[in-house]
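Visitor: I am new to this structure and would like a close look at one part of it. Please pick a part and show me how it sits with the rest.

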Amino acid sequence: MRNKLITEYTDEELINNEKKLKILTVILGASIILLFSATIVLALSKGFTPLMIFPICLLPLLIVSIINWKGFEKEIKRRNLK
């Protein structure tokens, strides 16, 4: 099965997917902020450990998620759905 382009979604699918992506992006962002703060605390108390790289590795996923979210928002505005 191939992925649909944003322009191929129906209006209802577009709005539902945009809402889901918005929620997931916010949760991912909050999780990364929490991981960064935990990393700073651990670095101050125990020094550097390899697990401290994990929040940095999640940043590209957050960036891609934000770009996709903005794409959905642009398509919704283009269709005058909001």
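**Helix α2 and its surroundings**

Guide: Let's start with the whole: the protein exposes about 6400 Å², of which carbon and sulfur atoms supply 70%. Such accessible areas come from the Shrake-Rupley method with a 1.4 Å probe, and for residues only the protein chains shown count as cover. What you see is a predicted model, in which local features need pLDDT of at least 70 and side-chain atom pairs count only at pLDDT 80 or more, while totals for chains, interfaces and linings use all residues. Residues are numbered from 1 along each chain as its sequence is written, and side-chain values use heavy atoms, with hydrogens and water left out.

The protein has 2 helices and 0 strands. Both terms refer to DSSP runs numbered from the N terminus: helices are H or I with at least four residues, strands E with at least two. The radius of gyration is 17 Å, well over the 12 Å that the globule rule gives for 82 residues, so the protein is more spread out than a compact globule. That radius is taken over C-alpha atoms, and the rule is 2.2 Å times the number of residues to the power 0.38. Along its principal axes, the C-alpha trace spans about 50 × 30 × 15 Å.

Now to our helix. α2 has 25 residues and reaches 37 Å from its first C-alpha to its last, close to the 36 Å expected at 1.5 Å a residue; the expected span is 1.5 Å times one less than the number of residues. Its buried residues are P55, L58, L62, S65, W69, F72, E75 and I76. Buried means under 20% relative accessible area, exposed over 50%, and partly exposed in between (1.4 Å probe, protein chains only). An α-helix has 3.6 residues a turn, so residues three or four places apart point the same way.

What do these buried residues meet? They pack against α1. A good example from that helix is T25, which counts as buried because its relative accessibility is 5%. Leaving aside neighbours within four places in sequence, T25 is in contact (heavy atoms within 4.5 Å) with L62, S65, I66 and W69.

The largest nonpolar core brings together Y9, L14, L21, W69, F72 and I76, 6 residues in total. The elements giving two or more residues to this core are α1 (11-46) and α2, with α2 giving the most, 3 residues. Such a core is a set of buried Ala, Val, Leu, Ile, Met, Phe, Trp, Tyr and Cys residues joined through side-chain atoms within 4.5 Å.

There is also 1 aromatic pair in the structure. Y9 and F72 form this tilted pair, with 5.7 Å centre to centre and 45° between the planes. Y9 lies in the segment before α1 and F72 in α2, so the pair ties together parts 63 residues apart in sequence. Rings of Phe, Tyr and Trp (its six-membered ring) pair if their centres lie within 6.5 Å; planes under 30 degrees apart are stacked, over 60 edge-to-face and the rest tilted. Both Y9 and F72 are buried.

Finally, look just past the end of the helix. N80 lies in the segment after α2 (54-78), and takes a positive phi of about 55°. N80 counts as exposed because its relative accessibility is 66%.
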